[in-house]
Amino acid sequence: MEAREKKIDTLIIGAGFGGLRMLHECRRLNKEVLVLEAGDDIGGTWYWNRYPGARTDTESWAYCFFFSEDLNKNYEFKERFATQEQALDYLHYAADTLDMRKDILLNSRVVEARYDEAGNEWCVRCSDGSQYRCQTLVSASGLLSVAYQPPFDGIDDFSGESYITGRWPKKPIDFRGKRVGVIGTGATAVQLIPILAFSAEELVVFQRTPNYVIPARNYTISEEQNQYLSRNFNKIVSECHQQVFAFPMHDSPLSLSDVDDEERERILEEGWEKGGFRFLFETFNDILINEPGNEYVAEFVRRKIRAIVKDPETAELLCPDYPVLAKRPPLGHFYYEAFNEDNVKLVDVSSTPIEKISERGVVSGDREFELDVIIYATGFDAATGALSEIDITGLGGRKLSEKWASGAKTNLGICVDEFPNFYMISGPQTPFANIPMVIDRTVDWIGKSMEYRDQNGYRCIEAEPEAVAEWDSYLQTLLDATLLRRGKELHSWFLGANIPGKPQSVLYYFGGAPRYFNEIKQHVEDGFPGFSFS
Ligand code: NA7
């Protein structure tokens, strides 16, 4: 039987924050649009990451859509940092309020996208055999959507239960009376560990690299604060446009050397009390670039760790020895405190790596840890993972996987040369910052470029190869100016260094969100230099 083939103007892959924002943009442009979503519900990250303790690390009033004041005015945010259920609830609320579901097809995993030069169309195929043709293809498949599980020997030999945080089952899991091992101490594990400490009989945490965990200081949002947030929606949006990581915060005017030790200590204490990323951005403005000053902040956090964690040996293991922000710092909800519980044990696997998984548990060096449950909180194939799961072919049979064999390269983090009318949201080489805000600005640019293409009688937009090369070296320069350049030795997913063998390139733009927003705005005003229209 011949597979059905539907023609549509614009196809969007993924119904998370990016896909829904793009759907809204297509409606603004009066485009016929369809969103193909692999899951059986919308939500993307917030659909899949339902492990206990999952929450946003961005304050909920800035973890939202920014295109409609009315949409947010009528929504009640529940907590400073939305839980997974709350973040998903917001997306459901937005999709229902804006009647988006009629343009979304669930259970539709895109596996192939091929550009047909003769027809100037993308031919898209899903795993169920359904096929589509579209003029414009937009990937909103997520920056952290393909969970990474290290290929340890013997994974299948384990006789207990195994879970991967990024593909957590819908059914609640009962950890009571069980010996549970968590591999990883990134942002995910940091959220999960304090919750598991309450239920597991024994909790063994396998740590390769410690992180600087900043207290989140979560709280319930009062009715009064919700009213304040409604009244101040535009102010919040404008704050996000101006803050270096697109948060509704005020970057400190002070550098670490502007003040003496006593004042520096006071400011850091104040930031520690505010909690969240305010500790890093509202205290001093050069933590990410000033190495000696950074060491002062690092030692401040280490002193906090030593003060919280009672066992000195455990406290030392939890103290990182690299610069703050060289890896993405997690926000903690009583993370360090969890290590004071008698049932929680920290195991350092930095010098004796996990060698294999046995029938009974985890083997590191000459030690075997017997477990009933192993949880892999081992991160994601970031930025390019979801794109590399789709067989994407551009002009002249060029595969995206071949093109990126030595590292992903793009223009503006949105388009790739030889892949006409193909856009990426949250793809490689966009800013790493408050993700819904970066999505918002990226989609605004995509919408304007589509408008420009259509209104000027063109049928095609394509990135120019010279501009792609320039963007790549520009991003390298921006990275080199920050302490994030240390990421390679720290297995940072910002560089693809968390996955052995992954081609490495600068996967994110670190010039600051406001600079990027201005640059792409300028691109529109200048008529899209670095892109050819035909
Ligand atoms: P991360 O931050 O990539 O953390 C993954 C963790 O898994 C990290 O602690 C890794 O140690 C650890 N890991 C990975 N491979 C191994 C092996 N082979 N052995 C031991 N430990 C290993 O992912 P998350 O899901 O926590 O967070 C991702 C982002 O999601 C986060 O930054 C937020 O933006 C939301 P390592 O540090 O590499 O030594």
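This passage describes a parallel sheet and the ligand site of a predicted model. Local features need pLDDT of at least 70, side-chain atom pairs count only at pLDDT 80 or more, and totals for chains, interfaces and linings use all residues. Residues are numbered from 1 along each chain as its sequence is written, and side-chain values use heavy atoms, with hydrogens and water left out.

Five strands (DSSP E runs of at least two residues, numbered from the N terminus) build an open sheet in the order β7-β16-β8-β9-β12, with parallel pairing (pairing requires at least two DSSP bridges between two strands). Because β7 (161-164) and β12 (344-348) each have a single partner strand, one side of each edge strand is left without a neighbour in the sheet. On average, neighbouring strands are turned by 20° against each other, direction ignored (axes are lines fitted to C-alpha atoms, for helices over the stretch in contact, with angles from 0 to 180 degrees between N-to-C directions).

Within this sheet, β8 (residues 179-183) and β9 (residues 202-207) run parallel and are joined by five bridges; here R179 stands opposite E202. Helix α5 (residues 187-199; helices are DSSP H or I runs of at least four residues) lies across β8, β9, β12 and β16 (373-376), at about 170° to β8 (contact means heavy atoms within 4.5 Å).

Turning to the ligand, 19 residues surround it, the closest being T185, T188, R208, T209 and K327 (a heavy atom within 4 Å qualifies a residue). Polar contacts (N or O pairs within 3.5 Å) include one of 3.0 Å between a ligand oxygen atom and a polar backbone atom of A187, and one of 3.3 Å to an N or O atom in the side chain of R328.

Terms used. Polar contact = N/O pair within 3.5 Å; in protein donor to acceptor, adjacent residues only side chain to side chain.
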